[in-house]
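Biologist: Let's look at a protein model together. Could you walk me through its rings, charges and cysteines?

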Amino acid sequence: VQTVVADAGSMAPNGGDDVADLPVFDLAAILASHAGKEDETLLKACKDMARCLHETSCLVVRDPRVSEGDNVKFMEMMKRYYAQDTEAKKSDARPDIHYQVGVTPAGVEKAKCASDPKCIAEMDSMPEKHRPLKPKKADPKWRFFWRVGPRPENSKFPDLNAAPVIPEAFKKEWPSTCDGWGNKTLDALHAVAEMLALGFNLERSTFRDMMNFGPHLLAPTGSDLSQHGAVNTIFAGYHNDLNFLTIHGKSNYPGLRIWLRDGTRKTVTVPDGCLLLQAGQQFEYVTGGHVKAGFHEVICSEKTRAVLESREKDAAGKLEPKDYWRISTTMFGTLCHDTLLQPVGHFAKLSTAKDYPPILGGDQVAKVLMEIGMANAASTDDTVTMKMSQKKSVGFYTRAAATFLKGAEGKDPVDKLKLSALGNSMGMAVDVANRMEKDGLGKIAKVETSYPDMDGQRCAHISIDLEKTC
């Protein structure tokens, strides 16, 4: 492992099977420097880092403020959390706000590549040596989202900036432990963002300013090897992340595989004392495609199984329930939802910039959440229910309803769509239903009203069934 402080030629690894053969970038120099006073050695390292991200879509960094002990403390708490019974964990779920805080149960997240014909074709065209396992169903992993950093006082996207969920059984340790690891990884992301901006010949604060008040998410996953321990079980199907930069600490089990820009697959082992980063869709957006969002998957590999069997042997055949859980200590660094995403600076002059039209960060996130099954829609066997609230505009729900009825790339249309709204949101449901009829996308098949009991008070409710006509 080398620490980069100067030009090291091509940043692509030389045929090794592991990400540890990538250069390691030390953040100490950027932390000790001041804007406008960076020395040539630091600026050279910044350019190396930017080139590495361009060529590989990933980075390995060392931050002197982040210790492996912090990572282990956080991981141990998450092992105990996921080892709880299913019902205890489900009480921490918030499906009404797209699972963007609290727990996401197993079977909810589904990789876009499980159903996107374009992505499936790309996987099929890959050399067998570098081909991902093809996801066919929703992921069996659990995930917990914990907000890190300050929230905006005013936002067009309040439901994507929701209050945190604190599990009842962990209320004494949860906030401090999550914030401890979350803030350290966020600080590392800020330092990397500054180095990358300098390396791409932008103002040092360009990316960091766009991250201010972003809904950064500490997002540890849990996969139960006692239930899903067969080799080639997919914990998280082949995908890239919707955010700006994703940062990982060291997991307690192997299984993460990533793809470099050239299509090379790498098995990940984070070097001791280091952090792994991958570019997300937002980074690709603001660089006009100069940096590509990095693909990855998490599976039960032969190495995963070997580690598990070794630990079972050391424990005389049976581990404690918590020790069967594979934990990621992942953090999603995200641009502010109220920031306009578009290629910045000289990236706006690239020929590919036209493929990244301006869009608010929150709209980009909501669009992707709907594609991967985490937006506020629930499905039965043949009907999708879209729950509506005043936290979003009637225009948003109109576009969402049209997407469900017409379908989109990688997403089949639905034959039946139910609009559900309470109280002051009922008018929006009526407006959306009427618009679907006017646009020839659906017809109103049934309307029901009721007054359910909500926390001891009666509240008006409307349900409108639409049938696809397009």
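Modeller: What follows is a short round of questions and answers.
Modeller: This is a predicted model, where local features need pLDDT of at least 70, side-chain atom pairs count only at pLDDT 80 or more, and totals for chains, interfaces and linings use all residues. Residues are numbered from 1 along each chain as its sequence is written, and side-chain values use heavy atoms, with hydrogens and water left out.

Biologist: How many disulfides does the structure hold?
Modeller: A disulfide is a pair of cysteine sulfur atoms within 2.5 Å. By that test, the count is zero.

Biologist: Is C46 buried or exposed?
Modeller: Buried means under 20% relative accessible area, exposed over 50%, and partly exposed in between (1.4 Å probe, protein chains only). C46 has 0% relative accessibility, so it is buried.

Biologist: What kind of pair do Y81 and Y82 form?
Modeller: Rings of Phe, Tyr and Trp (its six-membered ring) pair if their centres lie within 6.5 Å; planes under 30 degrees apart are stacked, over 60 edge-to-face, the rest tilted. The centres of Y81 and Y82 are 5.4 Å apart, with planes at 70°, so the pair is edge-to-face.

Biologist: Which kind of pair do Y82 and W325 form?
Modeller: Their ring centres are 5.5 Å apart. The planes differ by 20°, and the pair is stacked.

Biologist: Which ring does the charged end of K89 sit over?
Modeller: A charge sits over a ring if NZ of Lys or CZ of Arg is within 6 Å of the ring centre and within 35 degrees of the ring normal. K89 has its charged end 4.2 Å from the centre of the ring of W142.
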